[in-house]
Amino acid sequence: MMTPDEILGLVVEELELRSVPYMVVGSFATSFWGRPRATHDVDLVVQIPVAVTQDLASALDDRFYADAESMRQAVEQYSQFNLVHLDTGFKIDFWVLGTDPYRCEAFQRRRREPLLSGGRLVYISSPEDAILSKLLWYRETQWEQDFQDALGVYEIQRGRLDEIYIAEWVTSLGLNELWARLQTEAVQPG
């Protein structure tokens, strides 16, 4: 049975063959930069042209449930679609990049890192954006795991983070209270 890493590797390969810009976000990203944890799906932000959706769905439909029409509609509406791996049920959620200034800047700041087994390089959100995105999700859903994911990245990456970048977006996004809570709850090094 394929692992989540292998499944993600298949999808990344198809995206890269089509020159589709992408970025791994969510729990995969926070597990890379912070504390690893199990997850039942992977989230990708993509900048995919409508013209590519049919070709991508066709390339994946022998291994994934991939609905080309849903993909096309999501791209046109800057929304979300998913693929489900047929053998395992593992889900990959695609979030189509829109025009939101923060999301666009986060996408531009993505990094190529050895995320997958064998050291395979993939594009992943920066640790700063992993923190900010998880705080945004926490504010929206109040799901404590999102806050804990952000906290884990902060604790592990502290001292290597671009604190000026974080501070600017914390203010712009209205995350001041959550950022203060995160810094208060962080385990102090030493």
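**Rings, helices and a few odd residues**

Okay, let's start with Tyr 123, which is partly exposed, with a relative accessible area of 27%. Before I go on: this is a predicted model.

So, aromatics. How many aromatic pairs does the structure hold? There are seven of them. One is between Tyr 22 and Tyr 123, and the geometry is edge-to-face, with 5.6 Å from centre to centre and 80° between the planes. What I like here is the chain topology: Tyr 22 sits in strand E1, residues 22-25, while Tyr 123 sits in strand E7, residues 120-124, so this pair ties together parts that are 101 residues apart in sequence. And is Tyr 22 buried or exposed? Tyr 22 counts as buried, because its relative accessibility is 1%. Its partner Tyr 123, as I said, is partly exposed at 27%.

Here's another edge-to-face pair, Tyr 154 with Trp 179, at 5.4 Å centre to centre and 80° between the planes. This one links two helices: Tyr 154 is in H7, residues 144-157, and Trp 179 is in H9, residues 176-185, so the pair ties together parts 25 residues apart in sequence. Tyr 154 and Trp 179 are both buried.

Staying with rings for a second, there are arginines to look at too. Arg 109 lies over the face of Tyr 165, at 3.7 Å from the ring centre. Arg 110 does that with Phe 107, lying over the ring face at 4.4 Å from the centre.

Right, helix packing. Rotate to helix H5, residues 101-108. H5 packs against helix H6, residues 127-141, at an angle of about 150°, and the axes are 11 Å apart. That angle makes H5 roughly antiparallel to H6. If you care about handedness, the crossing of H5 and H6 is left-handed. Which residues meet there? On the H5 side we have Tyr 102, Arg 103 and Ala 106, and on the H6 side Asp 129, Leu 132, Ser 133 and Leu 136.

H5 has another partner to talk about, helix H8, residues 163-173: the axes come within 11 Å and cross at roughly 160°. H5 and H8 are therefore roughly antiparallel to each other. The H5 and H8 crossing is left-handed. From H5, the residues involved are Pro 101, Tyr 102, Glu 105 and Ala 106, and they meet Tyr 165, Trp 169 and Leu 173 of H8. So Tyr 102 and Ala 106 turn up in the contacts with H6 and again in the contacts with H8. And Tyr 165, there on the H8 side, is the ring that has Arg 109 over its face.

Now for the backbone people. Most residues other than glycine have a negative phi. Tyr 78 has a phi near 50°, a positive value in a residue other than glycine. Where is Tyr 78 found? In the loop between helix H4, 68-77, and strand E4, 80-85. Tyr 78 counts as exposed because its relative accessibility is 52%, and the cut-off for exposed is over 50%. Leaving out residues up to four places away in sequence, Tyr 78 touches Val 96, Leu 97 and Gly 98. There's also a C-alpha separation of 7.6 Å between Tyr 78 and Trp 95, which are 17 residues apart along the chain.

Gln 142 also has a positive phi, near 60°, and Gln 142 is in the loop between H6 and H7.

Next stop, helix H1, residues 4-17, where we find Ile 7. Ile 7 counts as buried because its relative accessibility is 1%. Ignoring neighbours within four places in sequence, what is Ile 7 in contact with? The list is Met 2, Phe 64, His 85, Thr 88, Phe 90 and Ile 92. Take Phe 64 from that: Ile 7 and Phe 64 are 57 residues apart in sequence and 9.7 Å apart, C-alpha to C-alpha.

Last one, Pro 114, which sits in strand E6, residues 111-116. Pro 114 counts as partly exposed, because its relative accessibility is 41%. Setting aside residues up to four places away, Pro 114 touches Phe 32, Gly 119, Arg 120 and Leu 121. Pro 114 and Gln 183 are 69 residues apart in sequence, with 28 Å between their C-alpha atoms.

Okay, that's my tour.

How values were computed
Residues are numbered from 1 along each chain as its sequence is written. This is a predicted model: local features need pLDDT of at least 70, side-chain atom pairs count only at pLDDT 80 or more; totals for chains, interfaces and linings use all residues. Side-chain values use heavy atoms; hydrogens and water are left out. Helices (H or I, at least four residues) and strands (E, at least two) are DSSP runs, numbered from the N terminus. Buried means under 20% relative accessible area, exposed over 50%, partly exposed in between (1.4 Å probe, protein chains only). Contact means heavy atoms within 4.5 Å. Rings of Phe, Tyr and Trp (its six-membered ring) pair if their centres lie within 6.5 Å; planes under 30 degrees apart count as stacked, over 60 as edge-to-face and the rest as tilted. A charge sits over a ring if NZ of Lys or CZ of Arg is within 6 Å of the ring centre and within 35 degrees of the ring normal. Axes are lines fitted to C-alpha atoms, for helices over the stretch in contact, and angles run from 0 to 180 degrees between N-to-C directions. Angles under 35 degrees count as roughly parallel, over 145 as roughly antiparallel, 65 to 115 as roughly perpendicular and the rest as oblique. A crossing is left-handed if the near helix is turned anticlockwise from the far one by less than a right angle, and right-handed if clockwise.
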